[in-house]
Structures are given as C-alpha cells and as structure tokens.
Amino acid sequence: MPNTILTGAQWGDEGKGKIIDFLTDEADIVVRSQGGNNAGHTIVIGGEKYVLHLIPSGILRKSKVCVIGNGVVIDPVSLVGEIEGLRKRGVAVGKNLLISDAAHLVLPYHRELDGQREARKGKGKIGTTKRGIGPAYCDKAARTGLRMCDLIRPDVFSKKLAERMRENNALLKSLGVRPMNGKAILKDYLAAAAVLRPFVTNTVVYLHKALKSGKQLLFEGAQGTFLDIDHGTYPYVTSSNTTAGGACTGSGVPPHRVDCVLGVMKAYTTRVGEGPFPTEDKGLSDALHAMGREFGATTGRARRCGWFDAVATRYAAMVNGIDDIAITNLDGLDAVPSIRICTAYKLDGKKLDYPPVDPDALARCKPVYVEMPGWNKPTDKARKFSDLPPRAREYVKKLAELTGARLSIVSIGPARAQTIRL
Ligand code: GDP
Ligand code: IMO
Ligand code: MG
C-alpha cells in the first residue's frame, strides 16, 4: 500500500476507524497526527465492538505499530485508561505503541475551561466534547503548554505544573469557579507518567527511519474536513487541522512522502454539535435514530443527520487533495424510498458551488437537490460491487462523480467483512 492519509470528508464520524482497521492489514504503521480524545473511532471485529479515542485503530492488528504523533493533544489519565481497557480485553499494548515526546498535554484545567466557556456561550455554544481540546491547543499556540517530554520527568513536571496552576486558578477564579487542587492533579499525572514513560520517544525520528526501510504508513485522521480550524465551519469546529496537511505537521513526515489521500464519507451526512448544516433533514435523522444508528461514539449524543452534500465533499476533495474515496454506511439508506443528493446551494437567489466561509451565510444556504430512487433491498450481505442492487451502484457512482474522486471502497456494515474494494 502507498503511504496514505485517511481523512474525514464531512463533519467527523464518517467511519474512519472502520476503514483504517480494514486497510491496516496492508500497512505497517498507523499514525494519529491531530485531535485528542474528542475522537471516537469504532471498530467491530468478530461481533466485538471497540471504541478508540487516542490510540490509533491499527492497535487491534498484531505486528502493526501505532504512533501518536506530535500534533495530538494527550490526556494522559484518559490514555492510561484506554491502554488498560484494551489490555483487559486481551489486546496487546506494548512495543506496538509509540507516543511523541513533543505531543501536548490536556490538563484538568483545560477541561474545566472548555465546560465554562461553553456554559457562558449559552445558545451560541459550539457543542464541544468537553474534553479540553480547545484550551489545550490554545496553550500550545500561546506557548504555555506542557508536553509529554515534561510529563516523564517528575521534577520538571511538578515545577512547570505549579506555575501553570497559578495562572489557570487565577483565570478560573475570575470566572467565578473554584480553584483546582494542583497537588491532586500532580499525583494523578505522575501516576499516568509512570505507565506512559516506556512508550514516549522521538516519533519523528522513528517514522523517518521506518520510511527509509520501506515501511508503509497510514495516517488516521480524526474529526473531519468541516471541523478543521482553518477550513471548517468556524467557529463551530475543533481546534486542529483535520485536513490532509495536518497529517504532515502533526507527524513530521514531509508532504512528498505521502502518495495518496483517501477521503472517507458517509452515503449521507451527519454532524454532532452545533453549527450550520445545509442538508440536515429531520425525517432522515428520525429514521436513522429509530434504527439505533447515529449516536456519538465519544459523548453518546444523537448525531444530526441529513442528505449527502456534494458541495461539501467536492470542497473536501479540493482542500485535502483526495484521490480515492471510501463511502460508508450505504446500508443506512436501504429502506429510504427516494434519496436526495445536494449538488449546489442557493444563497439569496444565486447558485453557489462551494460553501461560503461566513457561518450565517452557510446557515442561509438552501440545498439544490437531485433525487434518485432508492433500492429498497438490504445491502449488508454484499461482498462484491456486483452484489449491490443496480440503484445502489448507481448512487455511489454518482456520489464519487460529484465529489470528483475515484471510488475505491464501499462499506455496507460495521464489520471488516462488510467492506467492498473496487
Ligand atoms: P469515525 O469517528 O469516523 O471512526 O466514526 P465513528 O466510529 O464515530 O462512527 C461511525 C459509526 O458507523 C460506527 O458506529 C461504526 O461502527 C459504523 N459504521 C462504519 N461503517 C459502517 C457501515 O458501512 N455500515 C454500518 N451500518 N455502520 C458502519
Ligand atoms: P471523530 O474523530 C464528530 C465536534 C464536536 C463539536 C466540535 C468541537 O470521531 O470523527 P471539540 O471537543 O473538538 O472542541 O468539539 O467538534 N467533534 C467531533 N464530531 N466526530 C469527532 O471525532 C469529533 N471531534 C470533535 O461535537 O461540534
Ligand atoms: Mg467518531
């Protein structure tokens, strides 16, 4: 397999974890390069469901190496919980996991500030996962962040934390919130450090050595294109570059070592949290929720659902340089009698073929739809493209054509076997 960046082409939860797990068979190393435990990547193997937040989805395949790169923000206590949870289920986590010494830490005051800022915004809230992601990236940009290389040196960490506690407690106090107990935080974080220390290394050097020896890299994007801090529906976004470029800055692997960008998209659209969503459709949301689908893997919140938005995926193809696409959750539309695809927006009487940057303008955009007849047959047992009903084949081909990239994978269920390679 060529070195591949896998990126979400919508608003996250496209099924990246499932596709990563499928592709890891052919890769050597799976790399996370941005985001944190706001991500929830679901993998189903032999009827067993795993949800990964910080650990790359390659961990479930033996003899593959997983790297948490410099661009990820790590909540160490949460990461230890994830490692222990996997070990309890018989998944080996040892030399197969490497953590960047340059990755920034999420601290309890980041989580508190995340919650406070959301509460203060009231109706205008972002609807974050409240994992402290925004405030942690704020500290990184403000150059006041603490990193893995600090955490693993107890004397350094305790000094730096005490300094940070002073500023953050003053900030919390000014917001009318009780100051946090620095001693308790130090104790928890040093305990986590003791578990994580053996995994911490210079992952940039590791990845370059691996590239030199011909190893194949698979970058596991978190979130999705329209949650990108630069290219998403700001301010209703996350705080990292979720688009393909983020994989390079967040890992130290240069762009010319990347051979392929694979965009993952659902056969419809979902979004969790607030913000504009032109093709949102209550009827489709209700139908999918009634089937027990589309509840968040991290927070359990019901995802908002809508029709496939080709204006958005075309834009995603452009920004990420998507060569190939994987369409997931096609089976979610099996019982929908007539299926809509948004091909353009109408804004103040004018036709638009790209999403406007201003969130108020995007919220006013009316989707222009083409309608296709549904196939009204189950697709979940299909194993070859030719097993799919003709209308389902036509539908996915249309999505690829409108997005402007090669259709290479179709997914018709959460399990590994429910994946069709074209
Ligand atoms: P991620 O964040 O992009 O990894 O996606 P999530 O795991 O948050 O959400 C995707 C959901 O869809 C999970 O519950 C997956 O198990 C599930 N899933 C992925 N692909 C398919 C598919 O083709 N069909 C069905 N029915 N479920 C799928
Ligand atoms: P995966 O990797 C879907 C959303 C939140 C909120 C916004 C900001 O599983 O696709 P944050 O906590 O990051 O500050 O929240 O981004 N969000 C996601 N939505 N999938 C995700 O990750 C998400 N990670 C964050 O709901 O709207
Ligand atoms: Mg998810």
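Which side chain has an N or O atom 2.6 Å from an oxygen atom of ligand 2? That's Thr238, and we'll start there.

Quick housekeeping. This is a predicted model, so you know: local features need pLDDT of at least 70, side-chain atom pairs count only at pLDDT 80 or more, and totals for chains, interfaces and linings use all residues. Residues are numbered from 1 along each chain as its sequence is written, chains are lettered from A and ligands numbered from 1 in the order in which they are written, and side-chain values use heavy atoms, with hydrogens and water left out.

Okay, ligand 2. Besides Thr238, a polar side-chain atom of His41 sits 2.7 Å from an oxygen atom of ligand 2, and a backbone N or O atom of Gly40 is 2.9 Å from one. Polar contacts here are pairs of N or O atoms within 3.5 Å. The protein buries 98% of the 540 Å² that ligand 2 exposes when taken alone; accessible areas are Shrake-Rupley with a 1.4 Å probe.

Who's around it? There are 20 residues around ligand 2, and Asp13, Lys16, His41, Thr129 and Thr238 come nearest. To count, a residue needs a heavy atom within 4 Å. That shell splits into 7 nonpolar, 10 polar and 3 charged, with Asp, Glu, Lys and Arg as charged, Ala, Val, Leu, Ile, Met, Phe, Trp, Tyr, Cys and Pro as nonpolar, and the others, Gly among them, as polar.

And why does ligand 2 lie between two domains? Because domain 1 (4–96 + 202–421) and domain 2 (104–199) both give residues to its shell. Those bounds come from an automatic or database domain assignment.

Ligand 2 takes up the largest pocket, and ligand 1 the second largest. A pocket is an open set of points on a 1 Å grid over the protein atoms alone, with protein on both sides within 12 Å along at least five of seven lines; a molecule sits in one if more than half of its atoms lie within 2 Å of its grid points.

So, on to ligand 1. Its surroundings are 19 residues, the closest being Lys16, Thr42, Asn329, Asp331 and Ser411. A polar side-chain atom of Thr42 lies 2.6 Å from a ligand 1 oxygen, while a polar backbone atom of Gly413 is 3.0 Å from an oxygen atom of ligand 1. Of the 580 Å² of accessible area ligand 1 has on its own, the protein covers 90%.

Key: A polar contact is a pair of N or O atoms within 3.5 Å; within protein, one must be able to donate a hydrogen and the other to accept it, and residues adjacent in sequence count only if both atoms are side-chain atoms. On a 1 Å grid over the protein atoms alone, a cavity is a set of points where a 1.4 Å probe fits but cannot get out, and a pocket is an open set with protein on both sides within 12 Å along at least five of seven lines; lining residues have an atom within 4 Å of a point.
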